[in-house]
Every structure is written in structure tokens, then in C-alpha cells.
Amino acid sequence: MKRRVVLLGPPGSGKGTVAERLESRHGLKHISTGRWFRREMSAGTELGRKVSEYIVRGELVPDPVVLGLIEHWVTEEVLQGGFLLDGFPRTRGQAVALDEFCARRQAAVEVVLYLECPDELVIERITGRRVCSACGSVYHERTMPPRKPGVCDKCGGKLVQRADDTAEVVNQRLEFYRRVTKPLVDYYRESAKLVTLNAALGSEAATAAASRVLES
Ligand code: AMP
């Protein structure tokens with residue numbers, strides 16, 4: 001069983017949903033840096049204020065800010081129990097820092113799941129996405145609606161559209177993805193950790209395929 005896992009893919013490829021399902025199926029800790037940042041933003045902390053200027057514009061939070069948080073995300077307990085990193089690393093600098101961080105603790109990343117997904121589908125998924133303002137659970141207006149419109153199935157919280165999920169900001173996020181994050185596909189291919197999954201088939205099929213990879 002592979003326990004130290006990175007999920008890579010464009011925004012809207014289903015990383016969060018697949019990670020949530022793998023977390024409950026395999027008991028690995030789901031770590032979403034975007035969700036962490038959104039929590040800080042809604043709590044109005046200093047970090048939240050700092051990252052929100054980048055997030056609402058669809059830009060990446062600068063590496064020094066992100067890297068300062070690795071130890072909070074990837075604790076010793078998480079390293080030993082296993083993790084699913086969703087949304088981190090997003091730059092080459094972050095990937096190198098993660099490798100060094102894990103190597104120092106003799107707990108290297110074992111597999112990188114690349115959720116490949118065409119642009120048209122990504123845009124459709126992101127602009128239809130709604131998230132719970134209380135617990136962060138993710139829905140889609142058309143493909144994964146809640147039982148009661150606008151209300152989270154899990155906690156009853158209000159569903160909202162993320163400020164960076166609007167059509168205008170999505171293009172900027174995709175631009176950053178193509179230019180800065182996508183080259184990590186080659187970075188991880190070189191270290192033979194990359195496994196490509198077809199995320200266009202939907203999150204259920206992608207989760208099943210991902211599970212098989214983790215169990216192999
Ligand atoms: P996500 O929920 O993964 O789509 O992340 C939402 C936003 O948070 C991204 O568009 C970035 O602005 C920011 N963000 C999340 N993770 C990172 C990261 N590893 N590096 C830089 N920015 C990030």
C-alpha cells in the first residue's frame with residue numbers, strides 16, 4: 001500500500017473529491033492547501049489577509065509563504081500515517097522543497113497521481129462548483145447537486161461559489177497552471193513516480209483507478 005501521495009492536475013480536475021474519497025477509504029490524511037488558505041481567509045487571520053490578495057485574482061501564493069507552512073501541514077504523525085497532498089506542490093520550488101523535507105525524514109513521496117483533464121471540462125466543472133461555507137465539502141450544480149438546493153448534505157452549511165471560481169478568474173488560474181504547475185508532470189515523470197489517470201471519466205472512476213494504484 002502506498003501511503004505518501006501527491007495529487008496533481010488542473011483546477012477542477014477533481015483532486016479534492018478524489019482525495020476526500022481516498023481519505024475515507026484508506027485512512028490517509030487529506031491535506032488541501034487551498035482549503036487551509038480559505039479557512040484562514042474566513043477566520044480573518046493575518047495569513048488569510050495575506051493570501052487572499054493572490055487567491056481572489058487567480059494567482060499563486062508566493063513560495064516563501066507556502067513553504068513556511070509545510071511543517072504545519074506535513075507533521076511527523078501525518079508522515080508516518082500517510083497523506084494525500086491536494087494542491088501542493090504547485091511550483092518546481094515547492095516540489096524540490098517537499099522532496100528535501102521528506103528525504104530528511106526518510107519518508108519520500110511514493111506516488112504522484114496526475115489527474116489529466118481537458119480544458120473545456122475543467123471550466124465547466126469549476127464554474128458549476130459550489131462549496132460549503134462551513135465544512136468545505138464540494139458539490140456541483142449539475143453533476144453532484146446537494147439533496148436540498150444551497151444546503152450542505154453533511155453539515156447543513158450554506159453552499160457558496162468560491163470568489164476564484166468565477167469565469168473571469170478561472171482563465172487566470174488555468175494560465176498559472178499551464179505555465180507553472182503543469183511542468184511538474186515532467187518533474188515527477190523523471191523520478192518515475194508519476195501515474196496518469198483519466199479525470200474526464202468523473203471522480204468515481206478516477207477514485208477507483210487511484211485506489212488500485214495505491215494498493216498495487
Ligand atoms: P485550490 O483550492 O487548490 O484550487 O487553491 C485555491 C487557490 O489557493 C489557488 O488558486 C492559489 O491561489 C492558492 N494556493 C493553494 N495552494 C497553493 C500552493 N501550493 N501554492 C501557491 N498557491 C496556492
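Visitor: What describes how the axes of H2 and helix H3 lie to each other?
Guide: In this predicted model, the axes of H2 and H3 (residues 46-55) come within 8 Å and cross at roughly 120°. Two packed helices are described by exactly such a pair of values, the angle between the axes and their distance.

Visitor: Which residues make the contact of H2 with H3?
Guide: From H2 come Trp36, Phe37, Glu40 and Met41, and from H3 come Leu47, Gly48, Val51, Ser52 and Ile55. They count as being in contact because heavy atoms lie within 4.5 Å. By class, six of these residues are nonpolar, two are polar and one is charged. Gly48 goes with the polar group, because Gly is counted there by definition.

Visitor: Is the crossing of H2 and H3 left-handed or right-handed?
Guide: H2 passes H3 in a left-handed crossing.

Visitor: What makes S2 and strand S8 edge strands?
Guide: Each of them pairs on one side only. The open sheet has five strands in the order S2-S3-S1-S4-S8, with parallel pairing, and S8 covers residues 194-198. From one strand to the next, the twist averages 20°.

Visitor: How do you know that strand S1 and strand S4 pair?
Guide: Pairing needs at least two bridges, and S1 (residues 4-8) is joined to S4 (residues 111-116) by four, so the two strands qualify as a pair. One bridge partnership sets leucine 8 against tyrosine 114 in S4.

Visitor: Why do strand S5 and S7 count as a pair?
Guide: S5 (residues 129-132) and S7 share two bridges in the antiparallel sense, and at least two are required, so the condition is met. Cysteine 132, for instance, has leucine 159 of S7 as its bridge partner. These strands belong to an open sheet of three, ordered S6-S5-S7 with antiparallel pairing. Its edge strands are S6 (138-140) and S7 (159-160). Helix H8 (residues 119-127) lies across S5 and S6, running at about 40° to S5.

Visitor: What makes a residue part of the lining of the second largest pocket, and which residues are they?
Guide: A lining residue has an atom within 4 Å of a pocket point. Glu23, Lys29, His30, Ile31, Ser32, Arg35, Trp36, Arg39, His72 and Trp73 line this pocket, whose volume is about 240 Å³. Strand S2 (29-32), helix H2 (33-43) and helix H5 (70-73) each give two or more residues, and S2 has the largest share, with four.

Visitor: How does the lining of the second largest pocket divide by class?
Guide: There are four charged, three polar and three nonpolar residues. His30 and His72 are in the polar group, because His is not listed among the nonpolar or charged types.

Definitions and conventions
Residues are numbered from 1 along each chain as its sequence is written. This is a predicted model: local features need pLDDT of at least 70, side-chain atom pairs count only at pLDDT 80 or more; totals for chains, interfaces and linings use all residues. Side-chain values use heavy atoms; hydrogens and water are left out. On a 1 Å grid over the protein atoms alone, a cavity is a set of points where a 1.4 Å probe fits but cannot get out, and a pocket is an open set with protein on both sides within 12 Å along at least five of seven lines; lining residues have an atom within 4 Å of a point. Grid points are joined across faces, edges and corners, and a volume is the space filled by probe spheres set on the points. Axes are lines fitted to C-alpha atoms, for helices over the stretch in contact, and angles run from 0 to 180 degrees between N-to-C directions. A crossing is left-handed if the near helix is turned anticlockwise from the far one by less than a right angle, and right-handed if clockwise.
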